[in-house]
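Have a look at the fold below before reading on. The report starts with the overall layout and then zooms in on a few residues.

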Amino acid sequence: MTMVRSYNPDFDEAVARGNVWAGANQTTVTTQAGLSGTTPALTLAALMAGGKRVKIWYVSAVGLVGAAAAAAVWAAMGGSGIADPSTTTNGTVRNMKTGAAALPGGVGLYSVATLPATPVAIGQLGAQLTGAITVAPVVAPFERWYNGSLWLAPGFNFSIQSSTATTLFCEYIFEIVDL
């Protein structure tokens with residue numbers, strides 16, 4: 001887990017309330033090439049009928065295997081208003097105050113999912129090259145602090161996507177808030 005140093009007291013207060021979660025995929029996920037509704041690296045969803053909003057604080061991704069071709073790695077947002085993502089594998093989560101290992105209802109974190117619609121890129125996280133980790137001894141994660149300013153309303157989702165198929169580990173830190 002990443003050590004977290006907050007940029008403002010709002011983060012500390014959210015953790016103290018028990019509303020902040022860290023989540024990751026425990027095995028790598030091979031993404032599809034380009035923005036895709038199938039096999040994003042990690043999907044965070046505010047479910048349509050869940051009555052929850054998700055505030056994203058931090059996202060990161062890292063590739064430990066050289067990509068077949070150089071890849072841009074994007075933060076992507078999607079939503080359909082007609083369906084939630086369908087999931088085949090849940091991501092692993094921990095509450096940052098209590099250590100609880102299950103999300104409250106209304107929010108999903110999926111290592112493998114099919115999205116109801118193709119998302120759009122909203123941010124560049126980095127680029128992955130074709131050299132293996134043994135070639136490039138320092139592999140920095142692609143990361144971004146959103147500081148709680150990116151909100152997912154019910155029916156919307158957030159995922160990590162790549163321009164070419166690649167294998168990624170991902171991590172999110174997020175807050176769950178009642179509507």
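## Overall layout

Going from the N terminus, the elements of the protein run α-β-β-β-β-β-β-β-β-β-β-β-β. That makes one helix and 12 strands, where helices (H or I, at least four residues) and strands (E, at least two) are DSSP runs, numbered from the N terminus. Residues are numbered from 1 along each chain as its sequence is written, and side-chain values use heavy atoms, with hydrogens and water left out. Keep in mind that this is a predicted model: local features need pLDDT of at least 70, side-chain atom pairs count only at pLDDT 80 or more, and totals for chains, interfaces and linings use all residues.

## Size and surface

The C-alpha atoms fill a box of roughly 45 × 35 × 25 Å along the principal axes. The radius of gyration of the protein is 15 Å, which agrees with the value near 16 Å for a compact globule of 179 residues. That radius is taken over C-alpha atoms, and the globule rule is 2.2 Å times the number of residues to the power 0.38.

Of the 179 residues, 46% count as buried. Buried means under 20% relative accessible area, exposed means over 50%, and partly exposed is in between (1.4 Å probe, protein chains only). Take the contacts between residues at least 6 apart in sequence: 87% of them join residues at least 24 apart. Contact here means heavy atoms within 4.5 Å.

## Aromatic pairs

The structure holds five aromatic pairs. Rings of Phe, Tyr and Trp (its six-membered ring) pair if their centres lie within 6.5 Å; planes under 30 degrees apart count as stacked, over 60 as edge-to-face and the rest as tilted. One of the pairs is phenylalanine 11 with tryptophan 57: their ring centres are 5.0 Å apart and their planes sit at 70°, so this pair is edge-to-face. Phenylalanine 11 belongs to helix 1 (residues 9-17) and tryptophan 57 to strand 4 (residues 52-62), so the pair ties together parts that are 46 residues apart in sequence. Both phenylalanine 11 and tryptophan 57 are buried.

Another pair is tyrosine 146 with phenylalanine 158, with centres 6.2 Å apart and planes at 80°, so it is edge-to-face too. Tyrosine 146 sits in strand 10 (residues 142-152) and phenylalanine 158 in strand 11 (residues 156-162), so here the linked parts are 12 residues apart in sequence. Tyrosine 146 is buried, at 12% relative accessible area, and phenylalanine 158 is buried at 0%. Ring pairs also link Phe11, Trp57, Tyr58 and Trp145 into a cluster.

## Tyrosine 110

Next stop is tyrosine 110, in strand 8 (residues 107-114). Tyrosine 110 is buried, with a relative accessible area of 8%. Leaving out residues up to four places away in sequence, tyrosine 110 touches nine residues' worth of listed partners, including Leu42, Leu47, Pro85 and Thr89. The C-alpha atoms of tyrosine 110 and threonine 89 are 5.8 Å apart, with their positions 21 residues apart along the chain.

## Proline 141

Proline 141 is in the loop between strand 9 (120-128) and strand 10. At 41% relative accessibility, proline 141 counts as partly exposed. Apart from residues up to four places away in sequence, proline 141 touches Ala61 and Val62. Its C-alpha atom is 22 Å from that of alanine 113, a residue 28 places away along the chain.
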